[in-house]
Structure formats: structure tokens, C-alpha cells
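Visitor: Could you walk me through this structure? I have not seen it before.

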Amino acid sequence: MTDGYAGRFALEAAFLILLAVGLGVADERPLTIVGVMAAGWVVVSLIELLAWRASRPPPPGVPELDPVEAHGWDVAEIIAPQAPEPPVEAEPTTVMPPAADETRRRWFGRRK
């Protein structure tokens, strides 16, 4: 028993044992004990069925769905959002007309 089966088995067995002991201590009629134990067994069987179906690989020929197509949004992005990319710095440009550029050169000197 690997992959969590042992833990699940222990919980299910403890549930059924405690159910039987509780019904016995409550001094229920034997027919009631059998009925409640049958219902407990059905619950445990449904849990096992769901666990088995969840662990089974998909049948061949069934394509895996993209999370975005399956849900309409990217589930991984919601769980672990990615940081936005930093903005790209543009090279500075001048918006001054040529005459103002000449005035700047006279006042502040020539830049290289």
C-alpha cells in the first residue's frame, strides 16, 4: 500500500470500527446495526471509487485539455501569478525645435 492508500485504508477501517462500536454501545437492535454498517460500507466504497477514478490515467485517444480552454482562464496564473515584465526604457529624444536646440548649445555648451 503506497501513495496514500495506507493512510486512507486506516481512516476507513477506523470509521467502520468506531461506527460499529458506537452502535453497540448505544444498544441498538441488530437490524439497525446491520443497516447503518451497510450504509457506512457504501460511503467507504464511494470514497474508494472516487479515489480510484482520480488516480487513473485518461483513456487513450482523449486529448488533454489546455487549462485556459477547459475553464476559460489560466488556473496556474490565478494560483501563482507571474510578475509583470519591466517596461522597456526608450532612448531619450529631443522635442525642441532646431532654433531652441541652438539656444541650448549657446547657453550650456556643446554636448558630445
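Guide: The following exchange goes from the overall fold to a group of charged residues. Please keep in mind that this is a predicted model.

Visitor: How many helices and strands are there in the protein chain?

Guide: The protein chain has 5 helices and 0 strands. Read from the N terminus, its elements follow the order α-α-α-α-α.

Visitor: And what share of the residues is buried?

Guide: Of the 112 residues in the protein chain, 4% are buried. The accessible surface of the chain is about 10200 Å², and carbon and sulfur atoms account for 66% of that area.

Visitor: Changing topic, how many salt bridges does the count come to?

Guide: The count comes to 2 salt bridges. As background, side chains of opposite charge can pair when their charged atoms come close.

Visitor: Which residue forms a salt bridge with arginine 8 at 3.9 Å?

Guide: That partner is glutamate 12, with 3.9 Å between the closest N and O atoms. The cut-off for a salt bridge is 4 Å, so this pair falls within the limit.

Visitor: Where do those two sit relative to each other in helix α1?

Guide: Helix α1 covers residues 5–25, and arginine 8 and glutamate 12 lie 4 residues apart in it, which means that about one helical turn separates them.

Visitor: Are they buried or exposed?

Guide: Arginine 8 is partly exposed, at a relative accessible area of 22%. Glutamate 12 has a relative accessibility of 9% and therefore counts as buried, the cut-off for buried being under 20%.

Visitor: What does glutamate 12 touch, leaving out residues up to four places away in sequence?

Guide: With those neighbours left out, glutamate 12 is in contact with Val44, Ile47 and Glu48.

Visitor: Glutamate 48, then: how far apart are the closest N and O atoms in its salt bridge with arginine 8?

Guide: In the salt bridge between glutamate 48 and arginine 8, the closest N and O atoms are 3.0 Å apart. This pair links distant parts of the chain, as glutamate 48 belongs to helix α2 (residues 30–55) and arginine 8 to helix α1, 40 residues apart.

Visitor: What is the relative accessibility of glutamate 48?

Guide: Glutamate 48 has a relative accessibility of 31%, so it counts as partly exposed.

Visitor: Which residues do the salt bridges that share partners join into one network?

Guide: Arg8, Glu12 and Glu48 are joined into one network by salt bridges that share partners. Arginine 8 pairs with glutamate 12 and also with glutamate 48.

Methods:
Residues numbered from 1 in each chain as written. Predicted model: local features only at pLDDT ≥ 70, side-chain atom pairs only at ≥ 80, totals over all residues. Heavy atoms only, no water. Salt bridge = Lys/Arg side-chain N within 4 Å of Asp/Glu carboxyl O. Buried < 20%, exposed > 50% of the residue type's maximum accessible area, 1.4 Å probe, protein only. Contact = heavy atoms within 4.5 Å. Areas by Shrake-Rupley, 256 points an atom, 1.4 Å probe, with all protein chains shown as cover.
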